[in-house]
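The following exercises are to be worked with the sequence and the three-dimensional model at hand. Each task is followed by a solution in steps.

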Amino acid sequence: MAELNIEIVSEERSIWSGAASAVSARTVNGEIGILPGHTPMLAVLGDGEVVVRTTDGGTVTAQARGGFFSVDHDRVVIAATSARLGDAAAA
């Protein structure tokens, strides 16, 4: 089964990385969802929740503020100005 390799980082540190079946996040142009095989793209990340559906059926959520969202060959990098795992507002 195809999967995504996800990396969520902030200016200060790595937040989370791992294999996923899908990821969604807010960009300045609206919500975007990515599945394996997605066309390469680069977007400006908006403030909001990032939701990762892991390959083991779990969910990882992070709050992100600003930065970039890139997709290339099933690799997704979310490089946020600030981010943290969970529901709390990003620092």
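How many bridges join β2 to strand β3, and in which direction do the two strands run relative to each other? The model under study is a predicted one.

**Exercise 1. Pairing around strand β2**

Task: Answer the question above, then establish the other pairings of β2.

Solution.
Step 1. Strand β3 covers residues 30-34, and five bridges join it to β2 in an antiparallel arrangement. One bridge pair consists of Thr-27 and its partner Gly-30 in β3. The two strands make a hairpin, with two residues between them.
Step 2. On the N-terminal side, consider β1, which spans residues 4-9, and β2, which spans residues 14-27; these strands are antiparallel and share six bridges. Val-9 is placed opposite Ser-14 of β2. This pair of strands is also a hairpin, here with four residues between β1 and β2.
Step 3. Strand β5 (residues 48-54) also runs antiparallel to β2, and four bridges connect them. Within this pairing, Val-23 has Val-52 of β5 as its bridge partner.
Result: β2 is joined to β1, to β3 and to β5.

**Exercise 2. The salt bridge**

Task: Identify the salt bridge of the structure and state which parts of the chain it ties together.

Solution.
Step 1. A search of the whole structure yields one salt bridge.
Step 2. The partners are Arg-75 and Glu-7, whose closest N and O atoms lie 3.0 Å apart.
Step 3. Because Arg-75 belongs to strand β7 (residues 75-85) and Glu-7 to strand β1, the pair ties together parts that are 68 residues apart in sequence.
Step 4. Exposure is assigned next, partly exposed being the class between 20% and 50% relative accessible area. Arg-75, with 41%, is partly exposed, and Glu-7, with 26%, is partly exposed as well.

**Exercise 3. The nonpolar core**

Task: Describe the largest nonpolar core and the surroundings of Ile-6 and Val-60.

Solution.
Step 1. The largest nonpolar core comprises 23 residues, and the members with the most contacts inside it are Ile-6, Val-23, Val-50, Val-52, Phe-69 and Val-76. Two or more residues each are given to this core by β1, β2, β3, β5, β6 (59-72) and β7.
Step 2. Apart from neighbours within four places in sequence, Ile-6 contacts Trp-16, Ser-17, Gly-18, Ala-20, Val-23, Val-52 and Val-76. Val-23 and Val-52, both in this list, are also the bridge partners found in Exercise 1.
Step 3. Val-60 is located in strand β6. Its relative accessible area is 16%, so Val-60 is buried. Beyond residues up to four places away in sequence, Val-60 touches Trp-16, Val-50, Val-51, Val-52, Thr-54 and Leu-85.
Step 4. From Val-60 to Val-76 there are 16 residues along the chain, and their C-alpha atoms are 14 Å apart.

**Exercise 4. A nonpolar patch on the surface**

Task: Name the residues of the nonpolar surface patch and assign Leu-42 to an element and an exposure class.

Solution.
Step 1. The patch is formed by Val-28, Leu-42, Val-44 and Phe-68, which together have about 410 Å² of accessible area.
Step 2. Leu-42 is part of strand β4, residues 41-44. Its relative accessibility is 64%, so Leu-42 is classed as exposed.

**Exercise 5. Loop residues and backbone angles**

Task: Which residues of the loop between β6 and β7 have a positive phi, and which residues does Pro-36 touch?

Solution.
Step 1. As background, most residues other than glycine have a negative phi.
Step 2. His-73 has a phi near 50° and Asp-74 has a phi near 60°, positive values in residues other than glycine. The loop between β6 and β7 contains His-73 and Asp-74.
Step 3. His-73 is exposed at 70% relative accessibility, whereas Asp-74 is partly exposed at 22%.
Step 4. Pro-36 is situated in the loop between β3 and β4 and is partly exposed, with 27% relative accessibility. Not counting residues up to four places away in sequence, Pro-36 touches Ala-2, Glu-3, Leu-4, Ser-21 and Asp-74.
Result: Asp-74, with its positive phi, is among the residues that Pro-36 touches.

Notes. Residues are numbered from 1 along each chain as its sequence is written. This is a predicted model: local features need pLDDT of at least 70, side-chain atom pairs count only at pLDDT 80 or more; totals for chains, interfaces and linings use all residues. Side-chain values use heavy atoms; hydrogens and water are left out. Two strands pair if DSSP finds at least two bridges between them. A salt bridge is a side-chain nitrogen of Lys or Arg within 4 Å of a carboxyl oxygen of Asp or Glu. Buried means under 20% relative accessible area, exposed over 50%, partly exposed in between (1.4 Å probe, protein chains only). A nonpolar core is a set of buried Ala, Val, Leu, Ile, Met, Phe, Trp, Tyr and Cys residues joined through side-chain atoms within 4.5 Å. Contact means heavy atoms within 4.5 Å. Patches are made of residues with over 30% relative accessible area and no salt bridge: like charges are joined within 9 Å, nonpolar side chains (Val, Leu, Ile, Met, Phe, Trp, Tyr) within 5 Å. Accessible areas come from the Shrake-Rupley method with a 1.4 Å probe; for residues, only the protein chains shown count as cover.
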